[in-house]
Amino acid sequence: RLLASNVELLSPLLSSSLEDESFVSLHLRYRRRPKRNVPREELFEILGRTVSLKKGLFMQFTLRRGASDAVTNVPLPLPEPLDSLLLTFDGRPPRSIKLSTTLNDYAIVNAAVSSSPPRTTTAPPLTHDHAKSRLLDPAEPWLRELGVCDASGRVLAKRAAKWKQINRFLEVLRPRLEGLRGAEVKVVDMGCGRGYLTFGLHRLLSSSASVTTVGIDHRADVVAAANAVAQAFPGEFSGLAFEEGKIGKVGGGGAKGGGGATVVMALHACDTATDDAINYGIEQDADVIVLSPCCHQELRKFLDATAEGVGGHPYSALLRRGIYRERLTEIVTDSLRVLALEERGYDCDVVEFVDAAETPRNTLILGVKRRRGRGGGGAGGSEGGPEGGEGAREKAKRQEILDLATLHGVKKWRLATLLGVDLGGGRATSTRELPPL
């Protein structure tokens, strides 16, 4: 009832500020947001501002959830009662409310209103259209050295897709890095290539943390070229270096100088090299693991063998076609990888980070380590014991791995071997009855 009263107190104040044009902004808080690990569908706050569109004045609400933001525009004047409108966004009333106007700022908590002098006495512009915000400035000279932009800061036509990829990658990754602010961060980029994303991520993180970044590639000429760019801009890229090496042979420190990795990246690592990178990230107890797998070959032979014996199963028509077996191999392989990360204490998202027309290798797997005291348990167990909390979650995820492997006839898988997961040689291992292939 107290929470519902918050909205009742807001309604006349908001209406008055809109009528006398003193309204500045509205902030509705639904839960305290931890630094990370907000459930992906849970609404934690709504931000409100007024905008002028072709059809008139609107209140623009930005609904911020754990996985993404959504925007909805409601024409002014707002419908009455206000609580009915807000309940269409979420089934709960807000825990607290902040209303900013040019006359007063108001805070509403526990059915009580307090006011304070305004932070601004000027109403914000109502314009809706604005220049697209980018996390990187195309005029930065290192982008010129990498061949993305010209001397005047214009993106080269032949590198437009790469420029878009860099920015999209950083946009997707930034929310997962919020918990690293102010920390000492070590990034290991395994199979970095020319380092477009390595440079971009180092630049992004260095604005709020002390960062050491190591890019690893097996080609000596690529490593030398990337180091030349980093050394040309010591102010921007202090702590960034590239080394020659192979993903499966990276030592415990991640590179020269030792120290555990905070962020592990492996973008377009071929076939089982992605598994090596996952295992490395887990061994390092990395906070964030970022993957964009490609060349899924290891499990294909098991699906091929399974397809030869399929009969009378809905999968039979699918597995008879080579192209479908190829696509299914990708889905099964990456699904097993996500389950393995979840079994080892990571919350995972799978997103498309570039358009499929630009490259079919556009799937990004993002794993963020659960820590104790954040969102109902942490990695490495919980106070509930091995059969409860985190222990139960790990057990359930391991069973899902066994179920999926059994269903598709997978008898051996490199990541399972690295992590010590027994697939049972392809024999049925589930306590549930699985439909036979």
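Of the 44 residues in the largest nonpolar core of this predicted model, those that touch the most other members are M190, L341, I401, W413 and L423, where a nonpolar core is a set of buried Ala, Val, Leu, Ile, Met, Phe, Trp, Tyr and Cys residues joined through side-chain atoms within 4.5 Å. The largest share of this core, seven residues, is supplied by α10. Apart from this core lies another one, of 41 residues, which includes C149, L170, V187 and A209.

Some ground rules help in reading what follows. Residues are numbered from 1 along each chain as its sequence is written, and side-chain values use heavy atoms, with hydrogens and water left out. Since the model is predicted, local features need pLDDT of at least 70 and side-chain atom pairs count only at pLDDT 80 or more, while totals for chains, interfaces and linings use all residues.

The chain as a whole has twelve helices and 14 strands, which are DSSP runs numbered from the N terminus (helices are H or I, at least four residues; strands are E, at least two). Buried residues, meaning those under 20% relative accessible area with a 1.4 Å probe and protein chains only, make up 46% of the 437 residues in the chain. If we take the contacts, that is, heavy atoms within 4.5 Å, that have a separation of 6 or more, 64% of them are between residues 24 or more positions apart.

Two helices deserve a closer look. The expected span of a helix is 1.5 Å times one less than its number of residues, so the 22 residues of α10 should span 32 Å, and its end C-alpha atoms, 31 Å apart, agree with this. After α10 comes G345, whose phi is positive, near 95°. For helix α11 (residues 390-407), with 18 residues, the expected span is 26 Å, which agrees with the 26 Å between its end C-alpha atoms; this helix is followed by G409, with a positive phi near 70°. The buried residues of α11, among them K397, I401 and L404, have α10 (322-343) as part of what covers them.

Within α11, I401 counts as buried because its relative accessibility is 2%. Leaving out residues up to four places away in sequence, I401 touches L336, L339, A340, E343, W413, V421 and L423. The last of these, L423, is 22 residues from I401 in sequence, and their C-alpha atoms are 8.2 Å apart in space.

M190, another of the well-connected core members named at the start, touches I216, I247, V250, V264, M265, A266, L267, A277 and Y280, again not counting residues up to four places away.

Finally, we can turn to empty space. Rolling a probe the size of a water molecule over the atoms shows where such space is left. The second largest pocket has a volume of about 620 Å³, and of the 31 residues that line this pocket, K162, G191, C192, L267 and H268 are the closest to its centre. On a 1 Å grid over the protein atoms alone, a pocket is an open set of points where a 1.4 Å probe fits, with protein on both sides within 12 Å along at least five of seven lines, and lining residues have an atom within 4 Å of a point; the volume is the space filled by probe spheres set on the points, which are joined across faces, edges and corners. The most lining residues, five, come from β11.

Note on methods:
Buried < 20%, exposed > 50% of the residue type's maximum accessible area, 1.4 Å probe, protein only.
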